[in-house]
Amino acid sequence: MANDISPAVRSELAPTGKLRVGLNHGNFLLVTAGSSATDPRGVASDLARELGRRLGMPVEFSKFDTAGGLGDAARTGVWDVAFLGAEPQRAAEIAFTAAYLEIPATYLVPAGSPIHSVADVDREGVRIAVAEKSAYELWLSRNIKHAKLVLTKGIDGSLDAFVKDKLEVLSGLRPRLLTDVQKLPGARVLDGQFTAVQQAIGTAKARATGANYLRGFVEEVKASGFVANAISRNNVQGVSVAPPAPPQ
């Protein structure tokens with residue numbers, strides 16, 4: 001397989017002779033708890049190792065604690081490819097593949113809340129705790145018209161602010177909220193979703209040949225069952241393989 005890769009693809013995706021991969025260790029769905037920075041486990045690292053195998057390159061991982069930090073590092077050149085949510089605000093600097101995996105994002109409300117549906121949230125007087133620069137925060141910033149977003153550092157920070165400041169709503173990825181709700185007597189996770197975070201692979205915008213290869217790689221690992229197997233092998237709940245990208 002590695003012999004089929006053009007020199008241009010290798011020089012763009014692994015210019016140092018290694019495939020340098022940025023991972024968000026704050027997303028426990030993609031990088032599992034207890035993973036080390038140098039030997040991470042999870043769906044994202046499984047895909048990264050498969051990509052490295054196909055390129056015939058060793059893989060070197062960089063650890064980031066938040067999606068925002070990982071996305072911002074696109075300017076510094078510390079990673080060649082990154083696994084993160086594809087959002088328009090990031091696309092100015094990062095060329096994304098189609099999604100390989102989707103994660104539903106929804107809301108949690110406290111005991112006794114009058115809010116019963118996702119559609120009820122965007123109104124005056126509602127404060128939404130949200131992790132700054134997460135993919136779903138970028139979506140909320142584009143779409144929320146009446147409620148107020150309360151930005152926090154990291155996912156744990158959004159839960160802390162929700163509890164401490166008695167906010168009306170906590171936003172988050174459904175699998176995480178299903179864990180949080182167990183700590184909050186009477187709280188409810190709302191049915192449905194306000195968006196599904198599109199987890200994709202990105203590379204620097206200037207690396208067009210490499211980006212094109214990555215797009216084909218993602219479609220192939222979805223179609224072959226590799227992504228589904230990685231989800232199952234890592235026992236990740238509440239996510240799904242993204243559908244095939246529409247033809248260009």
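In this predicted model, the protein chain carries 28 positive and 25 negative charges, and the mean positions of these two sets lie 2 Å apart. Side chains of opposite charge can pair when their charged atoms come close. Counted over the structure, such pairs come to 20 salt bridges, and a few of them are followed below, after a look at the fold that holds them.

The protein chain contains eight helices and eleven strands. Its C-alpha trace spans about 60 × 35 × 35 Å along the principal axes. For 248 residues, a compact globule would have a radius of gyration near 18 Å, and the 19 Å of the protein chain agrees with this. Of the 248 residues, 52% count as buried, while the accessible surface comes to about 11,100 Å², with 54% of that area belonging to carbon and sulfur atoms. Among the contacts with a separation of 6 or more, 71% are made by residues 24 or more positions apart.

Against this background, the salt bridges can be read as links between named parts of the chain. Lysine 18 and glutamate 60 meet through their side chains, with 3.1 Å from N to O. Because lysine 18 sits in the loop between α1 (7-13) and β1 (19-24), and glutamate 60 in strand β2 (residues 59-64), the pair ties together parts that are 42 residues apart in sequence. Lysine 18 is partly exposed, at a relative accessible area of 37%, and glutamate 60 is also partly exposed, at 34%.

Another salt bridge joins glutamate 168 to arginine 127, whose closest N and O atoms are 2.9 Å apart. Here the loop between α5 (154-164) and β8 (169-173) supplies glutamate 168 and strand β6 (residues 127-131) supplies arginine 127, so the link is between parts 41 residues apart in sequence. Glutamate 168 counts as partly exposed at 24% relative accessibility, and arginine 127 as partly exposed at 29%.

Strand β6 is followed by a loop that leads to α4 (135-143), and glutamate 132 lies in that loop, whereas lysine 153 lies in the loop between β7 (148-152) and α5, so their pairing ties together parts 21 residues apart in sequence. In this salt bridge the closest N and O atoms of glutamate 132 and lysine 153 are 3.0 Å apart. The two partners differ in their surroundings, since glutamate 132 is partly exposed at 29% relative accessibility, while lysine 153 is exposed at 70%. Elsewhere, salt bridges that share partners join Glu50, Arg53, Arg54 and Glu220 into one network.

Notes. Residues are numbered from 1 along each chain as its sequence is written. This is a predicted model: local features need pLDDT of at least 70, side-chain atom pairs count only at pLDDT 80 or more; totals for chains, interfaces and linings use all residues. Side-chain values use heavy atoms; hydrogens and water are left out. Helices (H or I, at least four residues) and strands (E, at least two) are DSSP runs, numbered from the N terminus. The radius of gyration is taken over C-alpha atoms; the globule rule is 2.2 Å times the number of residues to the power 0.38. Buried means under 20% relative accessible area, exposed over 50%, partly exposed in between (1.4 Å probe, protein chains only). Contact means heavy atoms within 4.5 Å. Accessible areas come from the Shrake-Rupley method with a 1.4 Å probe; for residues, only the protein chains shown count as cover. Lys and Arg count as positive and Asp and Glu as negative; His and the chain ends are not counted. The place of a charge is taken as NZ of Lys, CZ of Arg, CG of Asp or CD of Glu. A salt bridge is a side-chain nitrogen of Lys or Arg within 4 Å of a carboxyl oxygen of Asp or Glu.
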